[in-house]
Amino acid sequence: MAVPRSPDRWVFILLVVGLVGIGVAVALLAPAKVLGASEPPRPVAATVVETGACGQGTDTVEWDAGGQKKQAKLDGCGHRKGETLEVVTTGTDMVSSASSLPAGLPVGRRLTALLLCMAALAGGFYAFLFRYAPLRAPAVMPSPRQAPVS
């Protein structure tokens with residue numbers, strides 16, 4: 001014997017979908033620092049000490065790192081000797097110009113993940129509706145019987 005379905009099931013389904021959506025949105029829109037992401041590199045003022053031809057090499061820059069003078073190759077060329085510019089250290093022998101790095105939060109990846117989750121929820125809900133849809137009325141309805149004319 002089949003158990004009749006309660007009309008309250010839709011409330012439960014909508015509650016679960018809503019809570020999952022809110023949880024995903026909070027997880028994706030929370031600050032990256034809260035989620036354990038590393039802090040972005042800070043720009044440092046550096047001075048160009050050697051210039052290189054753009055076709056053959058890179059410039060060399062020098063900056064003060066905690067009382068020590070450090071030198072590294074700049075991932076760029078065409079600067080004048082003695083010019084001051086902002087660089088970002090990557091921990092290797094090469095540094096990059098701070099103006100070449102993207103600024104702001106990486107919203108694109110978070111938005112992509114949010115849209116993917118919403119599409120998955122919508123697809124699952126569609127599959128649920130397709131599987132458990134109530135029986136439809138037949139396409140051709142029988143015509144009502146007419147009373148005999150006397």
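## Burial and overall make-up

Of the 150 residues in the protein chain of this predicted model, 13% count as buried. The surface that the protein chain exposes comes to about 12200 Å², and carbon and sulfur atoms supply 64% of that area. Among the contacts in the protein chain with a separation of 6 or more, 42% are accounted for by residues 24 or more positions apart.

The protein chain holds two helices and five strands, and, read from the N terminus on, these elements follow the order α-β-β-β-β-β-α.

## The five-strand barrel

The five strands form a closed barrel in the order E1-E2-E3-E5-E4, and the pairing within this barrel is mixed. From one strand to the next, the twist averages 55°. In general terms, the strands of a sheet pair through backbone hydrogen bonds, and this pairing can be either parallel or antiparallel.

The parallel sense is found between strand E3, which covers residues 68-74, and strand E5, which covers residues 94-97, where the pairing extends over two bridges. Lys73 has Met94 in E5 as its bridge partner, and Leu74 has Val95 in E5 as its bridge partner.

The antiparallel sense is found between E1 and E2, which are joined by three bridges, and Thr47 has Glu62 in E2 as its partner there. E1 also pairs with E4 in the antiparallel sense, in this case over four bridges, with Ala46 standing opposite Leu85 in E4. Strand E4, which spans residues 84-89, is in turn joined to E5 by three bridges, and these two strands run antiparallel. Val87 is bridged to Ser97 in E5, while Thr89 stands opposite Val95 in E5. Val95 is thus named in two bridges, as the partner of Leu74 and as the residue opposite Thr89.

## A buried position in strand E2

Thr60 lies in strand E2, and with a relative accessibility of 10% this residue counts as buried, because the cut-off for that class is under 20%. When neighbours within four places in sequence are left aside, Thr60 is in contact with Thr47, Val48, Val49, Glu50, Gln71, Ala72 and Lys73. Two of these contact residues also appear in the bridges of the barrel, since Thr47 is the partner of Glu62 in E2 and Lys73 is the partner of Met94 in E5.

## Loop residues and their surroundings

Ala53 is placed in the loop between strand E1 (44-50) and strand E2 (60-65). The relative accessible area of Ala53 is 44%, so this residue is classed as partly exposed. Although Ala53 and Cys77 are 24 residues apart in sequence, their C-alpha atoms are 6.7 Å apart in space.

His79 belongs to the loop between E3 and E4, and its relative accessible area of 22% makes this residue partly exposed. The value for His79 falls outside the buried class because that class requires a relative accessible area under 20%. Not counting residues up to four places away in sequence, His79 touches Val48, Thr51, Asp59, Leu74 and Leu85. Among these, Leu74 is the bridge partner of Val95 in E5, and Leu85 in E4 is the residue opposite Ala46. Between His79 and Gly52, which are 27 residues apart along the chain, the C-alpha atoms are separated by 8.3 Å. Val48 is named among the contacts of His79 and also among those of Thr60.

## A nonpolar patch on the surface

A nonpolar patch on the surface is formed by Phe12, Leu15, Val16, Val17, Leu19, Val20 and Leu121, which together have about 600 Å² of accessible area. Helix H1, which covers residues 9-29, contributes the largest share of this patch, namely six residues.

Leu15, one of the patch members, is found in helix H1. With a relative accessible area of 48%, Leu15 is partly exposed, and Leu15 is not placed in the exposed class because that class begins over 50%.

Conventions:
Residues are numbered from 1 along each chain as its sequence is written. This is a predicted model: local features need pLDDT of at least 70, side-chain atom pairs count only at pLDDT 80 or more; totals for chains, interfaces and linings use all residues. Side-chain values use heavy atoms; hydrogens and water are left out. Two strands pair if DSSP finds at least two bridges between them. Axes are lines fitted to C-alpha atoms, for helices over the stretch in contact, and angles run from 0 to 180 degrees between N-to-C directions. Patches are made of residues with over 30% relative accessible area and no salt bridge: like charges are joined within 9 Å, nonpolar side chains (Val, Leu, Ile, Met, Phe, Trp, Tyr) within 5 Å. Accessible areas come from the Shrake-Rupley method with a 1.4 Å probe; for residues, only the protein chains shown count as cover. A salt bridge is a side-chain nitrogen of Lys or Arg within 4 Å of a carboxyl oxygen of Asp or Glu. Buried means under 20% relative accessible area, exposed over 50%, partly exposed in between (1.4 Å probe, protein chains only). Contact means heavy atoms within 4.5 Å.
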